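Subject: Handing over the structure

Dear colleague,

I am passing on the structure we spoke about, with some notes to help you find your way around. Please open it first and keep it beside the text as you read.

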Amino acid sequence: MTILEALRLAMGGVVANRLRSGLTMLGILIGVAAVILLVGVGNGASAAVQQQIEALGSNLLIIFPANAKSGGIQQGFGTASTLTMDDVRALADRQAAPDVAAAIPSASGRLQVTFGNQNWNTSLTGTTQDFPSVRNYQVASGQFFTGADVGAASKVAVIGQTVVDSLFNGADPIGQVIKLNRQSFRVIGVFASKGGSGFNNQDDVVVTPITTAWNYLLGGRGRNVQQIYVAARSAQSTQVASDEVTQILLDRHHISDPAQADFQILSQQDILSSASQTTGILTLMLGAIAGISLVVGGIGIMNIMLVTVTERTREIGIRKAIGARRRDILTQFLIESMFLAGVGGALGILVGILAGRGLPALVSALPAPLISLPSVLMAFGISVGIGLFFGIYPANRAARLHPIEALRYE
Amino acid sequence: MIRLERLTKLYHMGDLEVPALRGIDLEVGDGEFIAIMGPSGSGKSTLMNLIGCLDQPTAGRYILDDVDVSGLTEDELAWIRNRKIGFVFQSFNLIPRATALHNVEMPLIYAGENQKRRDKALAALASVGLQERAQHMPSELSGGQQQRVAIARALVTDPSILLADEPTGNLDSESSLEIMRLLAELNQQGRTIVLITHEPDIARFAHRIVRLRDGLVVSDQPQAIAAGATETAP
């Protein structure tokens, strides 16, 4: 018996019970659509996170202080205050660090910002004039503060789009005076939106000169640099730049053993890979949950195939009487279950893709699902495989029927 | 050529052993038309299943065309059923959701015949006079027509033996006559026919009548004698 013949037979069986076959296919359809959609959502989230990390800056290295030790007990990550403004200046030295394009300090905190009768809780970053280039911020209107502002600790601020939207209600913020911790600051610039949402909203910022932040806003913490952001000259030179930074800081802090360093360097690449590991697990989990429904669909196929075999016992007897071998009967029912699962799977892929298109319109908070060809092919392969797996038992039962008993079956 | 030697079949019903055949010796030559008769419970259906290679004997030998088939595997028996034996059943046993043509093609599918399958099936249908009904479903055919489709299916692999188990049991007398004439005609073309029946009118078409009772052959006579006898149906 050829495969084509077996397929024709299987199709005949499927068409003979349209409703039943349709419902069975629906089980697989829902399973496959769920897998496609949820894996797509996972991949979409992964891409969104990646995009946000890339938006942090280009070829970025982030230097954190080491963990503080208090009486021999390790404190949390980045709790020591070992970085200073002098470190930042040293890193900006072209001779010592030729692969560093720019280095900026960052001292940050959360504070309340008010304008008129509006107020908003946002994050403050105190930094220097190179902040826009290192952190990839564009100034949409007005301008960023200058080195002179940093030197003079001017009470000026550049604000992100979220802060503008929250406070100004359509008015032009440039030149307006806002209150940060009840002190007056002049808005001199507004950043162009970078996107991102939730915890990672990079538009929810107020940026001031670091000297200003120290003097007026981050009181009690001293002239402390929480992080140093370093931009390498190019993507290829990040490793070299990292080595240069390490050497300069070790020298400055009089440490000879790199293992004892009082700072840690995190590259954008490190953050990216740890984030994609996390989102990868998320995708896997979503896929696994959807996979459960696929298994349920497979059990549905097995159930229906068992019914089909019982119903067609007499037909099996006839086929055996006229010369069908066990293998012929086995193939017939296996192909029938694989056909059910395969068609259900193909339709499920279609539904999954369509739902993926429609989802962002329904739930705007979700990142747009990314549906890739390999995941589609895999889903189809798995659905056919499920047809095969759950078809084996019923088909085997059919193949083992004794011809006389099968012929006598009413 | 069929040769049965001390053929025995026991059925197990719980702890009980029920003998269905208790040592049948029988020889059917090529081209014979033989009727096997007997009351229900005489073992004629069991004998039919054994001759048709649908079942294996408990003891004794069955030699079909010089091959001892008593010890063959299930798939080997399937091959013999496909090539050497054509079945005609009382209840036709056509597959309801396949056309007449497809039903007739079916043994060829399992024989691996792909090239001339359709032509052979159409020829078999033509030989029973049903070529116009090739695309009809069994439910669209009369009982006599369905049985003729079944005969075409039995003939399509050109087997040497035709096994007919009460072929007229579900037919009216006119259709019965038609079917029996068709079988007689096939016999004249040289095919061995083994007919199982309990109707004397039907058995009359055979050239030889074997009677069974309680799993044993009680008489084996040529047709001329049987045809003349006035019998009451058992």
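Does A:Arg326 count as buried, exposed or partly exposed? With a relative accessibility of 34%, A:Arg326 counts as partly exposed, because that value falls between the 20% and 50% cut-offs. Please bear in mind throughout that the model is a predicted one.

I start with that arginine because of where its salt bridge leads. The side chain of A:Arg326 meets that of B:Glu74, with N and O 3.0 Å apart, and the pair crosses between chains, from helix α11 of chain A to helix α2 (residues 74–84) of chain B. B:Glu74 is likewise partly exposed, at a relative accessible area of 30%.

The contact between the chains involves 27 residues from chain A and 24 residues from chain B, and together they bury about 2,300 Å², of which 53% lies on carbon and sulfur atoms. On the side of chain A, A:Ile318, A:Ile322 and A:Ile404 supply 24% of the area buried against chain B, which is more than any other three residues give. There are 4 salt bridges between chain A and chain B, one of them joining A:Arg8 to B:Glu105 at 3.9 Å, N to O. The helices α1 (3–16), α10 (313–321), α11 (326–362) and α13 (403–408) of chain A each supply at least two residues to the side that touches chain B, and 10 residue pairs are in polar contact across the interface.

Turning to the interior, the largest nonpolar core has 67 residues, and those touching the most other members are A:Ile63, A:Leu91, A:Ile159, A:Ile178, A:Ile228 and A:Val230. Strand β4 (residues 100–115) of chain A gives the most to this core, with 8 residues. Apart from it lies another core, of 66 residues, which includes A:Ile322, B:Val28, B:Met106 and B:Val210.

Two helices are worth following in detail. Helix α8 (residues 238–252) of chain A has 15 residues and reaches 21 Å from its first C-alpha to its last, close to the 21 Å expected at 1.5 Å a residue. Its buried residues include A:Val245, A:Ile248 and A:Leu249, and what covers the buried residues of this helix includes β1 (60–65), α3 (85–91), β4, β11 (227–232) and β12 (263–267) of chain A. Just after α8(A), A:His254 takes a positive phi of about 55°.

A salt bridge also ties this helix to α3: A:Asp87 pairs with A:Arg252, the closest N and O atoms being 2.6 Å apart, although the two residues are 165 residues apart in the chain. A:Asp87 counts as buried because its relative accessibility is 0%, whereas A:Arg252 is partly exposed at 35%.

In chain B, the 16 residues of helix α6 (residues 173–188) should span 22 Å at 1.5 Å a residue, and its end C-alpha atoms are indeed 22 Å apart. At the start of α6(B), a side-chain oxygen of B:Asp172 comes to within 3.2 Å of the backbone nitrogen of B:Glu174, while just after the helix B:Gly190 has a positive phi of about 110°. Among the buried residues of α6(B) are B:Ile179, B:Met180, B:Leu182 and B:Leu183.

Finally, the count of salt bridges over all chains comes to 23, and in chain B a network of them links B:Arg3, B:Glu5, B:Arg61 and B:Asp68.

With best wishes

Definitions and conventions. Residues are numbered from 1 along each chain as its sequence is written. Chains are lettered from A and ligands numbered from 1 in the order in which they are written. This is a predicted model: local features need pLDDT of at least 70, side-chain atom pairs count only at pLDDT 80 or more; totals for chains, interfaces and linings use all residues. Side-chain values use heavy atoms; hydrogens and water are left out. A nonpolar core is a set of buried Ala, Val, Leu, Ile, Met, Phe, Trp, Tyr and Cys residues joined through side-chain atoms within 4.5 Å. Buried means under 20% relative accessible area, exposed over 50%, partly exposed in between (1.4 Å probe, protein chains only). Helices (H or I, at least four residues) and strands (E, at least two) are DSSP runs, numbered from the N terminus. The expected span of a helix is 1.5 Å times one less than its number of residues. A polar contact is a pair of N or O atoms within 3.5 Å; within protein, one must be able to donate a hydrogen and the other to accept it, and residues adjacent in sequence count only if both atoms are side-chain atoms. Contact means heavy atoms within 4.5 Å. Buried area is the accessible area (1.4 Å probe) that two parts lose on being put together, summed over both.
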